[in-house]
Amino acid sequence: MARTGPKNTALRVLVWLGVILAVMTAVLAGGNMAGQASWAPKLALDLEGGTQMILAPKVEGGSDITEEQLNQAVAIIRQRVDGSGVAEAEISTQSGRNVVVSLPGTPSKETRALIQASADMNFRPVLQAGPGAAVPAESRTPEDQLPKPTAEPANGSDVNWITPELYKKFEALDCDNPSQDKLERSDPAQPLVTCEPASEGRPAIKYILGPVEVKGSNISGSTFQLQRGAQGAVTNEWAVNIQFNDEGTAKFKTVTERLNKFYAEAGGETGSDPRSQFAIVLDDQVISAPRSQAVITDGRPQITGGFTEQSAKALSDQLRFGALPISFEIQSDQQISATLGGEQLRMGLLAGLIGLLLVVVYSLFQYRALGLVTVASLVVAGALTFLAIDILGWTENYRLSLAGVAGIIVAIGQTADSFIVYFERIRDELREGRGLVSAVENGWKRAKRTVLASKAVNLLAAVVLYFVAVGNVRGFAFTLGLTALADLLVVFMFTHPTLQLLARTKFFGEGHPLSGLDPKSLGAVPLYRGAGRFRTPADKPAQVAALRAKNTGAAAEAERRMTIAERRLAERQEQLAGSSKSSSKEGN
Amino acid sequence: MATSFANFGNELYTGKRSYDFVGSKKIWFLIAAVLVALSILLPVVKGGFNLGIEFRGGSEFTVSNVKTTDASIGEKAVEDVVAGSVPRVANVAGNTMRIQTDKLTEDETLQIKAGLTDAYGVTDNEVTSTFIGPTWGADVTKQALLGLAIFVGLAAVLMALYFRTWKMSLSAIVGMLVTMFITAGVYALSDFEVTPSAIIGFLTVLSYSLYDTVVVFDKIRENTADLQASTRRTFAEEVNLAVNQTLVRSINTMMVAILPVGAILFIGAGLLGAGTLRDLSLALFVGILIGTAATIFIAAPLYAWLRQGEPELVKQAERVAHRRAQAAAKADSPAEPAKA
C-alpha cells in the first residue's frame, strides 16, 4: 500500500485542482449569464483609451491630509464627475495620498476644472422653496405677475433678492433631471437657484437661496449622535452637531436670530415659512436645509429630523470636509488613444506568446519530455490567472493595464523557475541512485521548502510594490502577486501530483532517454534495478560495499549520496580498510 | 547537446568539474567593489541619469500611424501654439512620433493635440497626450525609495527567520545591493531613460536577485547541515560545491526568466518604441543577468567568508586538514580530488 498511497493522494489532489478550476469557471459563467461578468478581462484605460489623471490633494494652509479627508475628497469628486454625466468614471485613492481619476474618452475642459476645484461649502438662507419638478410651461407665472424687487435687499433673507429672471429660472428648474450648467461656481454675494436632490423617502426640492452668510471654513468640527430627549434619555432620533469657530459663532447667531423670527411668526413647528430654513450648500447643491428652531448663541447648532445613522454620518462627514477646503493639483494627466492602447496590447500579447514559446522550447531542450510537464503546468497556471483576473474584474472591478500584462509575461519565467528548482532536485536524487518514484518524493520534500521560501520573497516584493507604489505600478505588482499565488497552487496541485503519477509510467519510470530523467545520462550510480524494483534498506550497505569493490570510480560519489547513518558507517569502514579513494577518478 | 549539458550538470554535482567561486572571492569582491564604486561615481560625473519626462515634468504627445516621420512637422505644430518653444520630436518606432515639450497649459495641450492631428494626417484618437506635473517625479522617487527600504527590511527579516542565521540574510542583502548599484550603473553608462516603469523593473530585479539567492542558499544550508559530523570538506568547500551543484539550475532559471523579458524587450523596442513594456523589460533584462552573477560571485562567497572565522568551523577545517594529511600519508598520493 505504501506505493499506492502517493498515487491515490496525487489523483485526489489533481481532482481537487479540477474542482477549483471548475468552480471558478462556473462562477464566471454564472456572472456571464447574469450579464455582469465577461469572458474577456476588463481593460484599464491605457489599453482601452481614455484619460487618467493623478491628483495630489492640497489642503489650505499646507497641513497634511488625513486618509479620512482623502476619502471624503474622493466621494466629492465622484459626485461631481457622476453629476457631469461622464459614465464609467473610476475614482480611487492611491497609497493614501493621491486621487486617481480615470475617465473614458477625453473629458471637456469644464469637467477637468470641476475635478480640480476645491470643495465649496457654505450656508445660505432660504428665500423660497418648492417641489423639485419643473413647473409646466403653461402654468408658469405670467410675465406681469413675476416678483419684482421694490428696494435694495436689507439682509440675506430679504425677498427683494428675487428678480423676475431668478424666478423664471426657479420655475424652469427640474431637479429630477438637473441641467449640467453649474460648472461655473456661483457668486457668493448673489442669490442662487438650486436643488436638493432626492434622497431616500424624500423627493427633490428646489430653492431660491440668499447670498452666502456663513462659510464652510467657519466650521471647526462636526459629530453625529443619538438625540437626547427632554429628560436626558437617549431617543431613537439621530442628530448632527456642528461646531463653529468664533467668527462662525457670531455670524450664525445673527442669522438664527433673524431666521428664528420667521419660524416663530409662522407658528413654530406647524408653520411653514421657508425663510426660517438655512441651507447647507456643497458645490452649489443643497445637502440639507434645516429650520432654525432656536437662536444659537454658542455656535453649536444641532440638526435633527428624520436622520438614519447613515444619513447623519454622511452629513456630518460632508460638513467636516466642507470645513477643510481641499483643492487638487494635477500630478500627471494622460490621454491615451484607444488605437495606441490596442496596439500596445497586441504587441504585448505577441511578446508574451513568443516569450512563452521560447520558454517551452528551452524546457523541452533541457528537460525533454519533462518539459511537457512544464508546458502543461504553465497552461494550468495561465488558466488560473486568467480566471482570477476575470472574476476580480467582475467582483472588484479590477482592470488589466499594460503594466499588468508585463507582470504576467514576466511571471512566465518566474513560474517556470519553480519547476526547474523541482526538476533539478529530482535529477539530483536520481544521480544519487534512487529510483524515480522515490526521487520524486525526496526531490519534492527538498524542493517544496525552496519553492515556498523563494515564492515568499516574490510575494513580499509584490505586496510592498502594491502598497507603496505610485502610478501604474499597482497593476504590475498585482499581477505579479497573483501569478506567484497561481504558481504555488500549480506546483503543489498540478506539477507534483502529475510527476508522482508519471514516475509510475514505463516511459519515465524506466528512464527513457527522451524522458529527461534518464539515470544513465544523469550519471546515476546503478543501484537501480528497473521499474518497480528498488533498493530496500536492508541491501544498501551490502550494495555500497559491493560497489566499492567493483566500481571504485563511482564509490566516492555514491558515498556522498548516502544518508548520515550510511556515511558514518562507511567512514568507519574506511578507517578500518584504509582509503581506496586516493587513487580514484570520479565520474563514469 | 542536452546530454552534454546534463553531463556538465553531473560533473558539477559530483565535484568532478568545479569552479572555485568561493576560493577566488577576493577577486570577485574587488571586481564588485570597483563596479559599485564606478556605478556611484558615474552618475555624479555625468551629472545624473537620463531622466524621463515623468521626472522632469512637461508634456508629451504620441502620434501613432503617422504618414510621414518628418520631425519638423511636429516642431512646427508646437511652435504654432507656443512661440519660441523647443520641442523634442523623435520617431520612436515604426510610424510613431513622440513630441516632448515643456509644461503646457490645458488650452495649449488641446490646441497642440489638434495641430498634431492635422499635421500628421491622423485621426483624433491616434494622438495621445500626457502631462506630468513637476512634483510627480519627486513623488515617484520618494515612493520607490520607501518601497525599497520596506522591502529590504522585510526581506532581511524573512531570510534571517527562514535560514535562522543573520549572516545568510546579510550576504543575500549585500548581493542584492550589489545588483542594484551595478544595474543603476549600467543605466547611467548607457543613458537608458529612467522612467517610473524602469523603476518598477528595478524593484522587481531586487526581488529576482533575492529569489535566486534563496534557492542557492537553500542548497548551501542542506550541504552544510551535518558538517560537524563530516571531515570530507571544509565549510568553504561545501559552500563552493553547493554553488556548483546549483549552477545548472541558476543558468536554467536565468534563461527562462530572461527569455520572456527579452521577447518583450526586443519586440517592445522594435515595434512599439519607448513605453511601459520596453522600460520595464530593459531594467529586468539587465538586472536578471547581474542578479544571477551576484548570487554566485558575491552572496555565496561572502557567506563563506563571514562564517569562516567561527571557532567550530575552524576546528572542523582542522579536522579536515588532519584527515587529508593522514590519507595522503597513507596513500602517499595527493588527497581528495575536490580542491582545497
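# Notebook: two chains, one predicted model

**Entry 1, a helix in chain A.** I began with helix α9 of chain A, residues 369-395. Its 27 residues reach 39 Å from the first C-alpha to the last, close to the 39 Å expected at 1.5 Å a residue. A reminder to myself: this is a predicted model.

**Entry 2, the two sides of α9.** What lies ahead of the helix? I found A:Arg368 in the loop between α8 (338-367) and α9 of chain A. Its phi is positive, about 50°, although A:Arg368 is not a glycine. I also looked up how accessible A:Arg368 is: the value is 27%, so it counts as partly exposed. Then I checked what follows the helix. After α9(A) comes A:Asn397, and its phi is positive too, near 60°.

**Entry 3, a similar lookup in chain B.** I noted B:Asp191, which is not a glycine yet has a positive phi of about 65°. Where is B:Asp191 found? I traced it to the loop between α7 (166-190) and β6 (193-194) of chain B. Buried or exposed, or something in between? B:Asp191 has 41% relative accessibility, and partly exposed means between 20% and 50%, so that is the class it gets.

**Entry 4, where the chains meet.** How many residues of chain A are in contact with chain B? I have 86 from chain A, against 83 residues of chain B. I wanted an area as well, because the size of an interface is often given as the accessible area lost when the parts come together. For chain A and chain B the buried total is about 7,600 Å², with 62% of it on carbon and sulfur atoms. On the chain A side, I wrote down A:Gln331, A:Gln335 and A:Tyr362 as the residues that lose the most area to chain B. Together these three make up 8% of what that side buries.

**Entry 5, charges across the interface.** I looked up the salt bridges next and got 4 between chain A and chain B. I also picked out the pair B:Asp218 and A:Arg449, whose side chains meet in a salt bridge at 3.9 Å, N to O.

**Entry 6, a nonpolar patch.** Last, I went to the surface of chain B. Which residues make the nonpolar surface patch of about 530 Å²? I listed B:Ile27, B:Leu30, B:Ile31, B:Val34, B:Leu35 and B:Leu38. I followed up on B:Ile27, which sits in helix α2 (residues 25-46) of chain B. B:Ile27 has 49% relative accessibility, so I filed it as partly exposed; the exposed class needs over 50%.

Notes: Residues numbered from 1 in each chain as written. Chains lettered and ligands numbered in written order. Predicted model: local features only at pLDDT ≥ 70, side-chain atom pairs only at ≥ 80, totals over all residues. Heavy atoms only, no water. Patch = residues over 30% accessible without salt bridge, like charges linked within 9 Å, V, L, I, M, F, W, Y side chains within 5 Å. Areas by Shrake-Rupley, 256 points an atom, 1.4 Å probe, with all protein chains shown as cover. Helix = DSSP H or I, 4+ residues; strand = E, 2+ residues; numbered from the N terminus. Buried < 20%, exposed > 50% of the residue type's maximum accessible area, 1.4 Å probe, protein only. Expected span 1.5 Å × (residues − 1). Contact = heavy atoms within 4.5 Å. Buried area = accessible area lost by both parts, 1.4 Å probe.
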